[in-house]
Amino acid sequence: MRFELPTATRSSVEACIADQFDGLYSGPVVGSPRFRGGQIAADAALNRFDVTGYRDGRNQVLPIADRRASGLSPYIRHGLLSLPEVWSAVEHGPSDDVRAFRQELLWQEYARHWYARLGSATASPLRHDPQASRPGSGWDRMLPCLDAAVDELETDGWLVNQARMWLASDWGVRNQLDWRTGEDRFFTHLLDGSRAANRLGWQWTVGVGSSRQYGFARDQVQRRAPELCRSCPHAAACPLEDYPDDQPMVPVDWPTEVDQRGPREVVTYQSPEAVWLTAESLGASDPAMVAHPDLPVVFVFDQPLLARLQLSAKRLIFLLETLAEMAELRHLEVYLGDPVEVLTGRAVAVTHAPVPGFVQRSQGIGPAEIHPWPWLVPDHDGSVRSFSAWSKKLRP
Ligand SMILES: Cc1cc2nc3c(=O)[nH]c(=O)nc-3n(C[C@H](O)[C@H](O)[C@H](O)COP(=O)(O)OP(=O)(O)OC[C@H]3O[C@@H](n4cnc5c(N)ncnc54)[C@H](O)[C@@H]3O)c2cc1C
C-alpha cells in the first residue's frame with residue numbers, strides 16, 4: 001500500500017503513525033524528546049559536536065551537562081551521517097580526544113564488519129555459552145541507578161555507552177537472565193538500535209562473545225552518576241555493593257563465516273528507473289541517490305517485519321520524520337508492505353547494506369544497479385574474532 005507522507009512536523013508524523021501503522025509498533029505514539037529524525041537534525045548535531053573532553057567524559061552518565069558523548073548514533077545508524085564523514089569532522093580537535101573518539105568509530109565499523117561476516121550466527125553465543133539462564137525479564141526499578149537508565153532508554157530511545165553496559169551486565173551477569181531477551185529489549189527502544197552494534201555490545205558485556213564478563217557494581221555509579229547514589233533510599237544496604245561473580249560458561253566453536261560486505265565497485269545490470277532506499281542508508285549522501293539525482297526514490301516500510309518486531313513508536317517516528325523531510329527535496333514514494341512484493345519488477349538502483357535482511361530481500365528483488373556500502377575501512381579482511389585482533393590490521 002502506498003501512503004501519503006505527512007508534513008515534516010512532529011505532530012503530523014505522530015498522527016500518521018497512529019493512523020497508518022496500527023498493530024505495527026509498541027508503546028505510546030510519542031517521538032523522542034531528545035532526537036528528531038532527518039538530515040537537517042543530523043547535520044546540526046554534527047556541527048554542534050565538540051570533541052574536546054571526549055576521552056575523559058564519554059562515559060559520564062550524570063549530570064547530563066557533564067556528558068561528552070556525541071549523541072550522533074541515531075544518525076550514524078541510519079546513514080544520515082557516514083563514518084568517513086564523522087571521522088573527518090573532528091580532525092581539528094585535541095589529539096587525545098580525537099584519538100579516543102575515532103577509536104569508538106572503529107568499534108562501530110568493526111560491529112558492521114563482524115555482522116556482515118557472521119550474519120545471523122551473532123544471535124547465538126560466539127565464544128562462551130552460559131550453562132544456565134534464570135527465568136525473569138527485567139531490571140529492579142526500585143534502584144535509582146537502574147530506574148534512571150531504563151527510563152531514559154524507554155523515553156529518549158538512547159543511552160550513553162556506560163549505562164548500556166550497566167543494564168546489560170545487571171541483566172546477563174548478576175541476574176543471569178537470557179542476554180537475547182535483554183538485547184531485544186534494547187532493540188525495541190534504541191533509535192540507534194542495530195543488530196550489529198547491539199548484539200556486539202551484549203555479547204561483549206555479558207561475556208558470551210568476549211574473553212571476560214563485565215561486572216557492574218555501585219562503584220561505577222558513584223564515579224559516573226554520583227547523584228543517583230546520594231539520593232538512593234537503598235544506599236545503606238546497596239544490593240550492588242559487591243561485584244557479581246562470573247556466571248559459569250562453556251566454550252563454543254566459532255561459527256562458519258559468510259561474507260555480506262557487498263560489492264567494492266558499482267554493479268549495473270540494466271538502466272535503473274528509481275532509487276530504492278533502505279533504513280540503513282537514509283542520508284542525502286546515499287551513493288545510489290547521489291548517482292541518480294533525477295530518479296524517483298522509493299522506501300518500503302517492511303510490514304511483516306514490523307508486525308513481528310513491535311518496535312517502539314519512537315523508532316518509526318524517527319524514520320518517518322526523515323522521509324517526510326526528504327520528500328521536500330526529492331520525488332519520494334513510500335509504501336507499507338513486503339519490500340520484495342512492492343519492488344519486484346521495478347528497475348531499482350540501491351546502496352548495498354551489509355546486513356542479512358538486505359541481502360535476502362535484494363536477492364528476491366534483483367536490483368538493476370548496486371552501489372558499494374561506504375565503508376570506513378573498505379578492504380579489511382582481517383579476523384573478526386575480537387576487536388583487538390581486527391584492529392591489529394589497521395596499524396601500520
Ligand atoms: C549493551 C550495548 C548495546 C549497544 N547497542 C548499540 C546499538 O544498538 N547501536 C549502536 O550504534 N551502538 C550500540 N552500542 C554501542 C555504544 O553504546 C553506542 O554506539 C553509543 O553509546 C552511542 O552514543 P554516542 O553516539 O554518543 O557515542 P559516542 O561515544 O559519541 O561515539 C561516537 C560513535 O562511535 C560509535 N560507537 C561508540 N561506542 C561504540 C561501541 N561500544 N560499539 C560500537 N560503536 C560505538 C557509535 O557509532 C557512536 O555514535 C551498544 C553498547 C552496549 C554496551
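**Briefing: core, sheet, domains and ligand shell**

Leaving aside residues up to four places away in sequence, L316 touches I17, F21, Y25 and L311. The model is predicted. L316 belongs to the largest nonpolar core, which has 79 residues. The chain itself is divided into domain 1 (33–121), domain 2 (123–251) and domain 3 (267–371).

**Nonpolar cores**

- Within the 79-residue core, the residues with the most contacts are I17, C145, A149, V275, V298, L316 and L320.
- Helix α15 (residues 313–326) gives this core its largest share, nine residues.
- Another core lies apart from it and has 16 residues. Among them are W114, A116, A197 and V355.
- A general trend fits here: in soluble globular proteins, nonpolar side chains tend to be buried together.

**The six-stranded sheet**

- Six strands form an open sheet with mixed pairing. Their order is β3-β8-β7-β4-β5-β6.
- β3 (267–268) and β6 (332–337) are the edge strands, and each pairs on one side only.
- Strand β4 (residues 274–277) pairs with strand β7 (residues 348–351) in the parallel sense, over three bridges.
- Across that pairing, A274 has V348 as its bridge partner in β7. V275 stands opposite A349, also in β7.
- β4 also pairs with strand β5 (residues 297–302), again parallel and over three bridges. Here W276 has V298 of β5 as its bridge partner.
- Is β4 covered on both faces or on one? Both faces are covered. A274 and W276 are buried on one side, V275 and L277 on the other.
- V275 and V298 tie the sheet to the core: both are listed among the residues with the most contacts inside the 79-residue core.

**Domain 1 against domain 2**

- The C-alpha centres of domain 1 and domain 2 lie 21 Å apart.
- The contact takes 21 residues from domain 1 and 21 residues from domain 2.
- On the domain 1 side, α4 and α6 are the elements that give two or more residues. α6 gives the most, with five residues.
- By class, this side of domain 1 has eleven nonpolar, five polar and five charged residues.

**The ligand shell**

- There are 28 residues around the ligand. A69, S70, A197, N198 and G201 come nearest.
- Domain 1 and domain 2 each give the shell at least three residues.
- Four helices each supply at least two shell residues: α4 (73–77), α6 (95–118), α8 (161–174) and α10 (195–206).
- α4 and α6 therefore appear twice in this briefing, in the shell and on the side of domain 1 that touches domain 2.
- The shell divides into 13 nonpolar, ten polar and five charged residues.
- A197 is one of the shell residues nearest the ligand, and A197 is also part of the 16-residue core.

**L177, a buried loop residue**

- L177 lies in the loop between α8 and α9 (179–189).
- Why does L177 count as buried? Because L177 has 21 C-beta neighbours inside 10 Å, and 20 or more is enough for a residue to be buried.
- Not counting residues up to four places away in sequence, L177 touches S133, R134, G136, S137, W171, G172 and G182.
- L177 and V98 are 79 residues apart in sequence. In space they are 37 Å apart, C-alpha to C-alpha.

Technical notes: Residues are numbered from 1 along each chain as its sequence is written. This is a predicted model: local features need pLDDT of at least 70, side-chain atom pairs count only at pLDDT 80 or more; totals for chains, interfaces and linings use all residues. A residue is near a molecule or strand if its C-beta atom, placed from the backbone, lies within 6 Å of it. Ala, Val, Leu, Ile, Met, Phe, Trp, Tyr, Cys and Pro count as nonpolar, Asp, Glu, Lys and Arg as charged, and the others, Gly among them, as polar. Domain bounds come from an automatic or database domain assignment. Two residues are in contact if their C-beta atoms, placed from the backbone, lie within 7 Å. Two strands pair if DSSP finds at least two bridges between them. A nonpolar core is a set of buried Ala, Val, Leu, Ile, Met, Phe, Trp, Tyr and Cys residues joined through C-beta atoms within 7 Å. A residue is buried if 20 or more other C-beta atoms lie within 10 Å of its own, exposed if 12 or fewer, and partly exposed in between; C-beta atoms are placed from the backbone.
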